[in-house]
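Got the viewer open and a selection box ready? Let's walk through this one stop by stop, picking something to select each time.

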Amino acid sequence: MNPLLQESRDYNNPPLFSKITVEDFVPAFKELIEKARQEIDEIINIQEAPSFENTIIGLEFSGKQLDRVSAVFFNLNSAETNDELQAIAREISPMLTEFSNDILLNADLFKKVKEVHDNTDRSELDPEDLTLLEKSYKGFVRNGALLNDIQKEKLRKIDVELSQLSLEFGEHVLAETNKYEL
C-alpha cells in the first residue's frame, strides 16, 4: 500500500519517509485530489442553509491529507531534490493549481461562503472562529471569486503559467547553488 495514502489523524507523527518511494507521489496526489474534490462537492451539495459549521469548518477540514502529502513532497523537493522529484513537481504543480482554482473560483461554493460571511452573528464566534471566517472569505475574494467568467478563465491560465515559472525558477536557483564552490 502507498504509505502516502495511509490516513493519519495524528499530525504530530511524521510520515515514514523510509517507506516512501518516488513512485508513490503521483498516484497519491491524483487520488487525494479526487478525494478532496469529493469533500468540496459534499459541502456544495449540503441541502441545509449554509452555516459556519457546515461550510467554513467543512472547508477548513477538506483536503487535509492532500495538504500533508503536498507538504512532504515539496519539503523533500526543496531539501533533497533530484531529477525525478523535479519531474514530478512539474507534473503535479499544474494539477494542484487547477484544483485550487476549481475551489476558489467555484461560484456555488463562494455563494455559500459569502452567505455565511454576510449573515453570521459575529458576537457568537470566538476570536479564532472569527479569524477563520474572515480569512476564508478574503481567500476567495483575493483569489478571483468576484471576477466574471472571462476574467476567471484568464486568471486560471495565469495561475498555471505562474506555477510552472515558479518551479522553473526554483530549479535554476538550486542548480546555481549546487554549482557554487568556495
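Start with the whole chain in cartoon: you should count seven helices and zero strands. Running from the N terminus, the order is simply α-α-α-α-α-α-α. Keep in mind that this is a predicted model. Along the principal axes, the C-alpha atoms fill a box of roughly 60 × 40 × 30 Å. Of the 182 residues in the chain, 35% are buried. If you like contact maps, take the contacts between residues at least 6 apart in sequence: 75% of them join residues at least 24 apart.

**Stop 1: the core**

Which residues have the most contacts inside the largest nonpolar core? Select Phe25, Phe29, Leu66, Phe73, Leu109 and Phe140, and show them as sticks. The core they belong to has 39 residues. Now colour by helix: α1, α2, α3, α4 (83–104), α5 (107–119) and α6 (127–142) each put in at least two residues. The top contributor is α1, with 10 residues. As background, nonpolar side chains in soluble globular proteins tend to be buried together.

While you're there, centre on leucine 109. Ignoring neighbours within four places in sequence, leucine 109 is in contact with Ile40, Ile43, Ile44, Leu59, Ile103 and Phe140.

**Stop 2: the aromatics**

Next, switch to the rings. A search of the whole structure turns up five aromatic pairs. One to zoom in on is phenylalanine 29 with phenylalanine 73: the ring centres are 5.8 Å apart and the planes sit at 90 degrees, so this pair is edge-to-face. The pair ties together distant parts of the chain, with phenylalanine 29 in helix α1 (residues 25–44) and phenylalanine 73 in helix α3, 44 residues apart.

Are these two rings buried or exposed? Phenylalanine 29 is at 0% relative accessibility, so it counts as buried. Phenylalanine 73 is buried as well, with a relative accessible area of 0%. Add Phe25 and Phe74 to the selection and you have one aromatic cluster, made of Phe25, Phe29, Phe73 and Phe74.

**Stop 3: α2 and its partners**

Hide the rings and select α2 (52–61). Its buried residues are Phe52, Asn54, Thr55, Ile56 and Leu59. What do those buried residues pack against? Show α1, α5 and α6, and you have the answer.

Now keep just α2 and α6. These helices pack at an angle of about 70 degrees, with their axes 11 Å apart. That angle makes α2 roughly perpendicular to α6. For the interface itself, select Phe52, Ile56, Ile57, Leu59 and Glu60 on the α2 side. They meet Asp129, Leu132, Leu133, Ser136 and Phe140 on the α6 side.

**Stop 4: the turn after α2**

Slide along to serine 62, in the loop between α2 and α3 (64–79). Serine 62 has a relative accessibility of 13%, and since buried means under 20%, it counts as buried. Draw a distance from its side chain to the backbone oxygen of leucine 59 and you'll get 2.9 Å. Leaving out residues up to four places away in sequence, serine 62 touches Glu39 and Ile40. Then click glycine 63, just after α2: its phi is positive, at about 70 degrees.

**Stop 5: two residues on α4**

Finish on helix α4, starting with phenylalanine 99. Its relative accessibility is 9%, so phenylalanine 99 counts as buried. Which residues is it in contact with, leaving aside neighbours within four places in sequence? Select Ile33, Ala36, Arg37 and Leu66 to see them. Phenylalanine 99 and alanine 36 are 63 residues apart in sequence, yet their C-alpha atoms are 9.0 Å apart in space.

Then pick aspartate 102, also in helix α4. At 23% relative accessibility, aspartate 102 counts as partly exposed. Setting aside residues up to four places away in sequence, aspartate 102 touches Arg37 and Arg156. For one last distance, go from aspartate 102 to arginine 68: they are 34 residues apart in sequence and 19 Å apart in space, C-alpha to C-alpha.

Key:
Residues are numbered from 1 along each chain as its sequence is written. This is a predicted model: local features need pLDDT of at least 70, side-chain atom pairs count only at pLDDT 80 or more; totals for chains, interfaces and linings use all residues. Side-chain values use heavy atoms; hydrogens and water are left out. Helices (H or I, at least four residues) and strands (E, at least two) are DSSP runs, numbered from the N terminus. Buried means under 20% relative accessible area, exposed over 50%, partly exposed in between (1.4 Å probe, protein chains only). A polar contact is a pair of N or O atoms within 3.5 Å; within protein, one must be able to donate a hydrogen and the other to accept it, and residues adjacent in sequence count only if both atoms are side-chain atoms. Contact means heavy atoms within 4.5 Å. Rings of Phe, Tyr and Trp (its six-membered ring) pair if their centres lie within 6.5 Å; planes under 30 degrees apart count as stacked, over 60 as edge-to-face and the rest as tilted. A nonpolar core is a set of buried Ala, Val, Leu, Ile, Met, Phe, Trp, Tyr and Cys residues joined through side-chain atoms within 4.5 Å. Axes are lines fitted to C-alpha atoms, for helices over the stretch in contact, and angles run from 0 to 180 degrees between N-to-C directions. Angles under 35 degrees count as roughly parallel, over 145 as roughly antiparallel, 65 to 115 as roughly perpendicular and the rest as oblique.
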